[in-house]
Amino acid sequence: MTSEPDDDDLLRRLRAGDEAAFTAFYRRWQGRLFRFAWRLSGRAAAAEDAVHEVFMALIDGGLRFDPARGPLAPYLYGMARNQVRRRLERDGPASWTDAPPEPPAPAEEGPLERLSRTEDVEAVRRAVLALPGHYREAIVLCDLEQLTYEDAALALDCAVGTVRSRLHRGREMLALRLRDRRPEPFKVAR
Amino acid sequence: MSACPAYAVRLVELARGAGDAEAERHAASCVGCAARLADERALTGALAALAGADAQREAPPELEGLLRARLRKAAAPAGTAPRLPRPSPMVWLSAAAVLLVAATLAVLRSTPAPGPGQARLTAGRAAAPDAEAEFTPLVYGEPLDGAEALHLARVRVPRSALPSLGWGEMDDGPPLEAEVLVGQDGLARGIRFVSGE
């Protein structure tokens, strides 16, 4: 029985030009980084650019990850986040410019239920994107990407307490936005 | 009715899955906190639905092929991959003179440069606009990452000037934005292109 190589092993091999290691590493991370950048920017092109730049840094040796200074995930998310921020500074605020994917539907779901669920997901997506950047980053990292506060703090280059307070404030703002759209169960968001 | 201030943060964490039996017991006996907890749980569920809806979203498949090709090219032994010719020292000196003028004009907008040793170097890098591009040394033979204090100035370089600076021809278009590291003697030390298309 063989186990999957860990990230450190893949990184070491791909830095030596091992294409199989690069492919495994890419397939392990590209989706997470793409979704993260896409949720931050609302633009598939910006997300694609962010993934491209992160992996180009790997190829060119510009990725200076040091395992002694922290785990890999926040490092990669931090790089992707910096790419998105530059892109937003250049192209303007985050906004959805391409159609989101259709969420997977449960087999027993009827057309009206599906419409309602799709609308709900869309409303949440837009509400997240409408948040100010700091709060959006905290919610995307902690609530959508499921990073710990510690890893999110490394990715955002701030204190753990800052992540926690941004997340709580962001959720408060999110609940307010969604409550206006759907009175239940967001009617008491204080 | 509002949630009790002492429980507000704990209710959020409870709704996000943290174990807090005491906060849960309190919410069961407090109308305001019960409503807040229901609200936070609904929000957690809505965010989970969003995460699930996007779970299959990935980078375009062609990106993997493009990056693998770049890896093969980067890993190829020296001499087997086409490389950009390194401009001669005279070209760099000319470039330094041109950029010095531009940098001087832009010095009022200058910002502190990366500290000594922080400027990242790559010799002979192509002029593809790239916010992550590393600085290319301009004064030939002098290392960029010495102990010298540098200033950073942003300039705009006409594309038509790129061949004379040692890079290849580029299509017509607006000037490229570049950042120039200027030494204490006023001479440009390095350049990187930060935006373009």
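This passage walks through chain A of a predicted model, then turns to a pair of strands in chain B.

Chain A is a helical affair: its secondary structure adds up to 8 helices and 0 strands. Reading along the sequence gives the pattern α-α-α-α-α-α-α-α. Chain A has 190 residues, and 53% of them count as buried. On the contact side, take the pairs in chain A whose residues sit at least 6 apart in sequence; 62% of those contacts join residues at least 24 apart. As for the outside, the accessible surface of chain A is about 9,000 Å², with 51% of that area belonging to carbon and sulfur atoms.

Helix H2 of chain A, spanning residues 19-41, has a few details to look at along its length. At its start, Asp18(A) puts a side-chain oxygen within 2.9 Å of the backbone nitrogen of Ala20(A). Further along, H2(A) has a kink of about 35 degrees, and the kink is centred on Trp29(A). Once H2(A) is done, Gly42(A) follows, with a positive phi near 80 degrees. Much of H2(A) is hidden from view: 18 of its 23 residues are buried, which leaves the helix mostly covered.

Another helix of chain A, H5, runs over residues 111-129 and includes Glu122(A). Glu122(A) has a relative accessible area of 16%, and because the cut-off for buried is under 20%, Glu122(A) counts as buried. The side chain of this glutamate is not without a polar partner: Glu122(A) makes a polar contact with the side chain of Arg125(A), at 2.6 Å.

Over in chain B, the element to look at is strand S4, residues 176-182. All 7 of the 7 residues in S4(B) are buried, so the strand is largely enclosed by the rest of the structure. The burial holds for both faces of the strand. Leu176(B), Ala178(B), Val180(B) and Val182(B) point one way, Glu177(B), Glu179(B) and Leu181(B) point the other way, and every one of them is buried. The set pointing the other way thus includes two glutamates, Glu177(B) and Glu179(B), along with Leu181(B).

S4(B) also has a strand partner. Strand S3 of chain B, made up of residues 151-157, pairs with S4(B) in the antiparallel sense, and the pairing extends over 7 bridges. Within this pair, His151(B) stands opposite Val182(B) of S4(B). Val182(B) is itself among the buried residues of the strand.

How values were computed. Residues numbered from 1 in each chain as written. Chains lettered and ligands numbered in written order. Predicted model: local features only at pLDDT ≥ 70, side-chain atom pairs only at ≥ 80, totals over all residues. Heavy atoms only, no water. Helix = DSSP H or I, 4+ residues; strand = E, 2+ residues; numbered from the N terminus. Buried < 20%, exposed > 50% of the residue type's maximum accessible area, 1.4 Å probe, protein only. Polar contact = N/O pair within 3.5 Å; in protein donor to acceptor, adjacent residues only side chain to side chain. Bend = angle between axes of the 7 residues up to and from the residue. Contact = heavy atoms within 4.5 Å. Areas by Shrake-Rupley, 256 points an atom, 1.4 Å probe, with all protein chains shown as cover. Pairing = 2+ DSSP bridges.
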